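Grab a pencil and work through these short exercises with the picture in view. Try each task before you read its solution.

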Amino acid sequence: PPKPEGLDALARLVRDPAWALQSGKALHVDEKVVVAYDLYAKARLHLLLMPLHPSLKAVHAPTDLRSEHLPAIRELRKCAAWLERSLRTSGALPSLQLRIGFHRVPSMAHLHLHFLTTDHDSEALRTKRHWNSFQPPFFLPIDECIRTLETSGVGDVLRGAQLDGVEAALKADMSCPLCEAAGGAPVRITNIPALKLHLGSVRHISTVQFCSD
């Protein structure tokens, strides 16, 4: 699809969902959500879910979320679950695990939920920042966000200097928390060529496979 420009590109899709769909920038549009293609996809499948709930109109980041937004965020989670079921049933979704969550400090206006496969097989994945933005602590899974809203009344408990630390983590040494959580030796990655080798390794490929059981 043609690439939008500017930090307001996502907000434009939300303002005119019909245009987003007709222009090929969106995969799906309904009264609850715009599902758009991430045009700098960091995985084989990388979509963005932008909620249309009126209460979220002025929300741009998880830190903006409060308890009154909880129903809308739960609805967004249901949309993501529906999308996963639909794509898996149709065969459009590779047999891979998913990451579904927010960037704690997003670079684009309007709240958007990342929905992507964990292969990270993409030519657009070119820098340490790209990789680390989809790892903790910068990446906030939506289920964790919902639990925090339920217990603390905010979408993200991090504030101020803590968020500065999260941004600093984008420059940190790379690792693969997913593979490490699955067991075995720690994964330390020194550069992007080494990252690409790891992503193509038997260890990573087997770890990210989706099992319906």
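**Exercises on a predicted chain**

**Exercise 1.** Keeping in mind that this is a predicted model, find how much area the chain exposes and what share of it carbon and sulfur atoms supply.

*Solution.* Start with the total: about 10,700 Å² is exposed by the chain. Then take the share: 55% of that area comes from carbon and sulfur atoms. Now look inward, counting a residue as buried when its relative accessible area is under 20%. On that basis, 47% of the 213 residues are buried.

**Exercise 2.** Work out whether the radius of gyration of the chain agrees or disagrees with that of a compact globule.

*Solution.* First, get the expected value: for 213 residues, a compact globule would come out near 17 Å. Next, look up the value for the chain, which is 17 Å, so the two agree. For the extents, the C-alpha trace spans about 45 × 40 × 40 Å along its principal axes.

**Exercise 3.** Count the helices and strands, then work out how E1 and E2 are arranged.

*Solution.* The chain has nine helices and eight strands. Locate E1 at residues 26-29 and E2 at residues 33-37. These two pair in the antiparallel sense, over three bridges. Check what joins them: three residues sit between E1 and E2, and the two strands form a hairpin. To line them up, find Val29, which stands opposite Val34 in E2.

**Exercise 4.** Count the charged side chains of each sign and find how far apart the centres of the two sets lie.

*Solution.* Tally the signs: 25 side chains are positive and 22 are negative. Then compare the centres of the two sets, which lie 2 Å apart.

Note on methods:
Residues numbered from 1 in each chain as written. Predicted model: local features only at pLDDT ≥ 70, side-chain atom pairs only at ≥ 80, totals over all residues. Heavy atoms only, no water. Helix = DSSP H or I, 4+ residues; strand = E, 2+ residues; numbered from the N terminus. Rg over C-alpha atoms; globule rule 2.2 N^0.38 Å. Buried < 20%, exposed > 50% of the residue type's maximum accessible area, 1.4 Å probe, protein only. Areas by Shrake-Rupley, 256 points an atom, 1.4 Å probe, with all protein chains shown as cover. Lys, Arg positive; Asp, Glu negative; His and termini not counted. Charge placed at Lys NZ, Arg CZ, Asp CG, Glu CD. Pairing = 2+ DSSP bridges.
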